[in-house]
Amino acid sequence: MPKIKGTGGGAAKIDINMTPMIDVVFQLLAFFLMTFKVASPEGDFNLKLPKEERSAGPANTQTEMITIRLTATNTGDLAQIQIEANPPLRGPSAFPILHNQIVKMVNIARGAGQDEPEIQIDADDLLRYENVVQTISAVAGQLDENGNITPLVKKVKFAPK
Amino acid sequence: MARLKSKLDVSAEGDMTPMIDMTFQLIAFFMVLINFADDNTNQSIKLPASELAKPPEGPPDDPIVLQMDQYGRTLLTGDFLPLSEVKRRLFTQAQLIKRKKKDPKNSNIIIRADGRVATKAVRELINACQELGFENYTLRAKAEKAKT
């Protein structure tokens, strides 16, 4: 019986050419690195805004309607916030004060066994939208120490214009 | 002399395994994080920040995403459009929803508006949607960490 050539010695080492695979892998890595965008987390404010007549009041007659007037400067910045006929709030502390006043109003309404008041935002046309979102944020709820949200006002709408 | 030469002839092959392992880990990381819903999150729009804005728990029903840049132009289906064109396209959307035996008032209009845009533009957009029977609106904001 003839001896098969090459089987007697040690195991033959098979060299796989890794170069094409590494090339492709680096191409993929470069593609993902270049297209990668760090997306910041986004959150929502849900509003129910059915079409209304201009003179419409609150949907439920038992609900108190509070109008928050947001006045803008010529550049679109917030000039002042006015809750109904209360003295206007100005400066960087306007939103925290607004929040505290809304908390008081909601607590009074809840204490009297009524629904939370409905908020109508009457903003100047020029006002930057971020101020409206800050207003909604100030009236919609409050954060506790653990980061949980306690809802305050559930119905927020824009004043018809 | 010849025997000594063959002993010194050692090929310098580095072990590629850890590098390939690492590279595949990186590819897997980027593949998992790739954002396929890029059309609905235009990066040029700077959303207003809010501490109360929390990410939604689930996808909304029949969402229609309307994005507005700082100049008040609305981005819908990949194009920046004037309000008149947005109304026309939303009318078509509303007709499609009705054809599916659904009511537009149960659909969700998601508004991703730039924080610098004038409130009038956002209000006009909402009014246009209201005219077509849409009632549920989601104002999107950038989730901000609570100040301690």
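**Notes on the A/B model, starting from B:S50**

1. Let me start at one serine. Leaving aside residues up to four places away in sequence, B:S50 touches A:F45, A:V133 and A:S137 on the chain A side, plus B:A141, B:K142, B:A143 and B:E144 in its own chain. Bear in mind as you read on that this is a predicted model.

2. Where does B:S50 sit in chain B? B:S50 belongs to strand 1, which covers residues 49-50. Is B:S50 buried or exposed? With a relative accessible area of 2%, B:S50 counts as buried, because the cut-off for that class is under 20%.

3. The side chain of B:S50 has polar company too. Across the interface, the side chains of B:S50 and A:S137 make a polar contact of 2.8 Å. Within chain B, a polar atom of the B:S50 side chain lies 3.2 Å from the backbone nitrogen of B:L52. I'd put both of these on screen together.

4. Now for the strands that cross between chains. Strand 1 of chain A and strand 6 of chain B (residues 136-143) run antiparallel and are joined by seven bridges. To find your place in that pairing, look at A:L47, which stands opposite B:Y137 of strand 6 of chain B. Strand 1 of chain A spans 42-48, and A:F45, one of the residues touched by B:S50, falls in that range.

5. How many residues take part on each side of the interface? Chain A puts 46 residues in contact with 49 residues of chain B. The two chains bury about 4300 Å² between them, and 65% of that is on carbon and sulfur atoms. Three residues deserve a name here: A:F32, A:E42 and A:Y129 supply 18% of the area chain A buries against chain B, more than any other three residues.

6. On charges and polar pairs: the rule finds four salt bridges across the interface of chain A and chain B. One salt bridge is formed by the side chains of A:K48 and B:E135, at 3.6 Å from N to O. Counting pairs with both residues at pLDDT 80 or more, there are 20 residue pairs in polar contact between the chains.

7. Which elements of chain A make up the side that touches chain B? Helix 1 (19-35), strand 1 (42-48), helix 3 (129-140) and strand 5 (141-143) each supply at least two residues. Helix 1 gives the largest share, eight residues. By residue type, this side of chain A divides into 27 nonpolar, seven polar and twelve charged.

8. Chain A on its own: three helices and seven strands, running α-β-β-β-α-β-α-β-β-β from the N terminus. The chain has 161 residues, of which 35% count as buried. Among its contacts with a separation of 6 or more, 61% are between residues 24 or more positions apart.

9. Chain B on its own: four helices and six strands, in the order α-α-β-β-β-β-α-β-α-β along the sequence. Of its 148 residues, 38% count as buried. Here residues 24 or more positions apart account for 78% of the contacts with a separation of 6 or more.

Terms used
Residues are numbered from 1 along each chain as its sequence is written. Chains are lettered from A and ligands numbered from 1 in the order in which they are written. This is a predicted model: local features need pLDDT of at least 70, side-chain atom pairs count only at pLDDT 80 or more; totals for chains, interfaces and linings use all residues. Side-chain values use heavy atoms; hydrogens and water are left out. Contact means heavy atoms within 4.5 Å. Buried area is the accessible area (1.4 Å probe) that two parts lose on being put together, summed over both. A polar contact is a pair of N or O atoms within 3.5 Å; within protein, one must be able to donate a hydrogen and the other to accept it, and residues adjacent in sequence count only if both atoms are side-chain atoms. Ala, Val, Leu, Ile, Met, Phe, Trp, Tyr, Cys and Pro count as nonpolar, Asp, Glu, Lys and Arg as charged, and the others, Gly among them, as polar. Two strands pair if DSSP finds at least two bridges between them. Buried means under 20% relative accessible area, exposed over 50%, partly exposed in between (1.4 Å probe, protein chains only).
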